[in-house]
Amino acid sequence: MDHSPEQIGSSSADNRPSLGKLTRRGFIAASAATIASCKAASSTTSTGPNAPIKSTANKDYRTPSVDGPSLRNNAGNPSANFSKDAGTTFSRVLVSGNYIAITFDDGPHPQNTPRLLDMLAQRNIKATFYVIGRSVDLHPGVLRRTVAEGHEIGNHSHTHRLLSKLGDSEVRQEMKLCQDAIGRAAGVRPRTMRPPYGGLLQRQRELIQNEFGYPTILWSVDPLDWKRPGPSVVASRILTNTTAGGIVLAHDLHSQTVDAMPATLDGLLKKGFKFVTVSQLIAMKIDAGDAQASVKPTS
Ligand code: NI
């Protein structure tokens, strides 16, 4: 079936008990209550300078129909913008300023991801989440919240297989199924991908760039948090190794990683780093000549 956000909201035939519908119903109910209370409050001021302007309803107006799924940011094809001159792979980005991107892989997780989202919201930090399509299907509400709070979503394949061992059609399938799951759950299209285990052949990177518009995103800081060395070790590894333009790898799948985040995020903020999402970081890329000029201005 079709899963465009418009149809999730409007189709009466679709009676799945999805969180989106419940939320929407709750929102409509809340809106109606607000309107009712506003009417009651304004009934005594129906004349005078602050009286509401009355206009006749345009009954001929119809909401334009949408042809097929229409996802937010679907026009922002990265291959035409930030990766045009940059190749297909980024481990870090040359930027002017103390910008970094922190990334969380292998979610969404029903407990750890929401806990992390609270920590990020408290600090007004935007992160990038490389999600597994199969987990998105299991926890779509967690992905919706992640998107609603301004974070970026990246494609981390559908089943987290080592893509370098797969044929082209299987690689396409892994990208497509994850992309579809993200669109279905949260109505957005990813802009970048990260291969599971970092394993992707150059030929496959070009195929994915050409067919999906995803640059391949690796990392410059790896705290090896998936080995569960303890929250303080995770925090100190990230704080020691992060430099401007860096891309930090972490995993919201693991509770220890999330436990490490308050100290990690506060430490990075204290060092003066400014957090952006991965596609924002790539959009800030300057060329090496500019970087040189900013260090040694010529007169
Ligand atoms: Ni992974």
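Helix H7 (residues 202–212) is followed by glycine 213, whose phi is positive, near 75 degrees, helices being DSSP runs of H or I with at least four residues and strands runs of E with at least two, both numbered from the N terminus. The model is predicted, and local features therefore need pLDDT of at least 70 and side-chain atom pairs pLDDT 80 or more, whereas totals for chains, interfaces and linings use all residues. Residues are numbered from 1 along each chain as its sequence is written, and side-chain values use heavy atoms, with hydrogens and water left out.

Within H7, Gln204, Arg205, Leu207, Ile208, Gln209 and Phe212 are buried (under 20% relative accessible area, 1.4 Å probe, protein chains only). These buried residues pack against strand E1 (89–90), helix H6 (168–186) and strand E5 (216–217).

The largest nonpolar core, a set of buried Ala, Val, Leu, Ile, Met, Phe, Trp, Tyr and Cys residues joined through side-chain atoms within 4.5 Å, has 34 residues, of which Ile102, Phe104, Phe129, Leu143, Ile153, Ile182 and Met261 touch the most other members. Elements giving two or more residues to this core include strand E2 (99–105), helix H5 (140–148) and H9. Leaving aside neighbours within four places in sequence, leucine 143 is in contact (heavy atoms within 4.5 Å) with Val131, Val136, Ile153, Ile182, Ala185 and Ala186. A second, separate core of 11 residues includes Val93, Ala101, Ile217 and Ile247.

How values were computed. Buried < 20%, exposed > 50% of the residue type's maximum accessible area, 1.4 Å probe, protein only.
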